[in-house]
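Me: Please choose one part of this model for a close look, and then work outwards from there to its surroundings. I would like one connected account, with each term explained where it is used.

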Amino acid sequence: MFHVRRVMAGISRDEVLHVARLARLELTDEEVSKFQEQLSAIIDAISKVSELDLSDVPPTAHPLEIANTWAEDEPRPSLPLDDVFANAPDRDDDYFRVPPA
Amino acid sequence: MTIDTLRLTAEEAKGLLERREISGAELFAAYAEREDDLHAYLYRCEDPGGDGIPIALKDIISTKGVPTTAGSKILESYVPVFDATVAARCKEHGLRLLGKTNTDEFAMGSSTENSAFGPTHNPWDPTRVPGGSGGGAAAAVSGGLAPWGLGSDTGGSIKQPSALCGNVGLRPTYGTVSRYGAVAFASSLDQIGPVAKNVRDCAYLYSIISGRDENDSTTVDVPAVEVPNAEDLKGLRIGLPKEMNDAEGIEPGVRDAVRKAIELAESLGASVEECSLPLSVDYGLACYYLVAPAEASSNLGRYDGVRYGLRSDGADFREMLMHTRHDGFGDEPKRRIMIGTYALSSGYYDAYYGKAQRVRTVIKREHDAAFEKYDLIVSPTSPTVAFELGAKTADPLAMYLNDLLTIPSCMAGLPGLNIPCGLSEGLPVGLQLVGPQFAENTLFRVAHALEQALAFDVVPERLR
């Protein structure tokens, strides 16, 4: 079973901030505290996979045994530009406009 | 003509339309005029015209010109400029879109309470959840708001809501239904599938949406779908994985209803035997909650405030990006993005994601071995009946446990079907049938025979 354990293997506050930065997520101080507690419990539970020695078992990335699905290499029209930009928050002619990098 | 939207099946609706006993407009109106006091829909459509059967689509499925939010604030104002392949196939068959149904944000959840637009209520008891993530479609079908619908299932999001709402839901074999235009959560697990009032409708809808699609290179050709007629189960071999039928946390009422259904299967001629999936259940959840968040953290990278979706203010590009994702994502996507990023990050990859991929191989092998002896395996779909709204929202891990019995087969890409098999505390109990890859016809045949014998009344008691 997947026991709901409350003993924290833990993820530190700095690790939460590091992961959030990698994922480009701004977090408030309050969120950092809340997620630190919740993620610690989740990571503790999913760490269960480390109990198994599976060095002889190959990984599975995909449930079907299919390889190289080819399509005909024929040009087809792309979406009209007005469709491409229909949901854009900001547009400058044929470009998506963003704040300075 | 008065239409009982709570009882009318899609097949019966098709008959009424073909015999011209009702017009397409009258049929559409019968559903459209019903008050949505369950909050099953996020958006209801005007009658698009035509003479086909109406249908509801989960708001994960892109619909041209019709808002598609995935239950997220980050897509609140998004209107697709193209149809998902399944939406296009429904249109080609004349099916008319009633609306877009509620979902946990990005299909992440087991109660539909993670929707940014508020929860859906269970038609059997509105103080309870309809399950999730496809609680909107399941509630619409059982609540008389749609004859049938399409959901999406990553770790149980079709099967579990069908169990909690008392209807029939199929998670098809991975690769049988195109994911093109479905808002991506975890691409090696996501599958679209039908939700219906009975097994024949479920099979018919599956025949409409399945098959290879040049826009999704993971799709394959599918055996011809047989709409089932069989009423006995002679020669059928059923395995009962003990880890799935005796798992800690299965409510006694759920266990009893499932046991009775299995006895019924035996009386219809099936042979039933206990079997074992030693590691699949024990390690399935941990495996899933590594693989799915890892893929989600990658898939949700696309929400950057540039091409579509919400954009928040920021002094520079990076600040805009971080603010957009902070403001646009709810807590559950944030948690999963962070777990996935953590599991994929330098120094942890082998211990978490790499290990989970090997567990996935073990799960697949264990199921393969079971199907050498059995035509299908059977268990409860959900360990519990529908729970109270708010009961599990404060504890993400407790919520994840709802998926204990649906997850293992999802990891192996196997088809799974839920049928209602009885009541516990006045609420529906779901029976899960799982077969080898591409065994949908077997699932339909067996489920149909059981459905006839069980004679479960799919209309919620309080609405009869």
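Reply: The buried residues of H4(B) are Gly135(B), Gly136(B), Ala137(B), Ala138(B), Ala139(B), Ala140(B), Val141(B) and Ser142(B), where a residue counts as buried if 20 or more other C-beta atoms lie within 10 Å of its own, as exposed if 12 or fewer do, and as partly exposed in between, with C-beta atoms placed from the backbone. Since 8 of the 8 residues of this helix, 135-142, are buried, H4(B) is largely enclosed by the rest of the structure. Helices (H or I, at least four residues) and strands (E, at least two) are DSSP runs, numbered from the N terminus. Just after H4(B), Gly144(B) takes a positive phi of about 75°.

All of this rests on a predicted model, in which local features need pLDDT of at least 70 and side-chain atom pairs count only at pLDDT 80 or more, whereas totals for chains, interfaces and linings use all residues. Residues are numbered from 1 along each chain as its sequence is written, and chains are lettered from A and ligands numbered from 1 in the order in which they are written.

Chain B also has a covered strand, E2(B) (residues 54-58), with 5 of its 5 residues buried. Its two faces are both covered, with Pro54(B), Ala56(B) and Lys58(B) buried on one side and Ile55(B) and Leu57(B) on the other. E2(B) pairs in the parallel sense with strand E3 (residues 96-101) of chain B over 5 bridges, pairing being assigned if DSSP finds at least two bridges between two strands, and Lys58(B) stands opposite Thr101(B) in E3(B).

These strands belong to an open sheet of 11 strands with mixed pairing, in the order E1-E3-E2-E4-E6-E5-E10-E11-E9-E7-E8 (chain B). The edges are formed by strand E1 (41-44) and strand E8 (271-275) of chain B, each of which pairs on one side only. On average, and with direction ignored, neighbouring strands of the sheet are turned by 30° against each other; the axes behind such angles are lines fitted to C-alpha atoms, for helices over the stretch in contact, and angles run from 0 to 180 degrees between N-to-C directions. Elsewhere in the sheet, E10(B) (residues 416-424) and E11(B) (residues 427-434) pair in the antiparallel sense over 8 bridges, and Ile419(B) stands opposite Leu431(B) in E11(B).

The loop between E9 and H13 of chain B holds Val385(B), which is buried, with 25 other C-beta atoms within 10 Å. Val385(B) and Leu427(B) are 42 residues apart in sequence, but 6.3 Å apart in space, C-alpha to C-alpha. Leaving aside neighbours within four places in sequence, Val385(B) is in contact with several residues, including Leu164(B), Glu251(B), Leu427(B) and Pro428(B), contact meaning that the C-beta atoms of two residues, placed from the backbone, lie within 7 Å. A second loop residue, Ser187(B), is found between strand E5 (168-171) and strand E6 (191-196) of chain B; Ser187(B) is partly exposed, with 16 other C-beta atoms within 10 Å. Its contacts, again leaving aside neighbours within four places in sequence, are with Glu295(B) and Asn299(B).

Helix H12 of chain B lies across strand E7 (237-241), E8 and strand E9 (376-380) of that chain, running at about 145° to E7(B). Where chain B meets chain A, the contact takes 61 residues from chain B and 46 residues from chain A. Helix H9 (280-299), helix H10 (317-328), helix H11 (331-344), helix H12 (350-373) and helix H13 (396-400) of chain B each supply at least two residues of the side that touches chain A, and H12(B) gives the most, with 11 residues. H9(B), one of these helices, is mostly covered, with 17 of its 20 residues buried.

The partner, chain A, has 3 helices and 2 strands, running α-α-α-β-β from the N terminus on. Its radius of gyration, taken over C-alpha atoms, is 23 Å, well over the 13 Å that the globule rule gives for 101 residues, so chain A is more spread out than a compact globule; that rule is 2.2 Å times the number of residues to the power 0.38. Buried residues make up 20% of the 101 residues in chain A, and the C-alpha trace spans about 55 × 45 × 20 Å along its principal axes.
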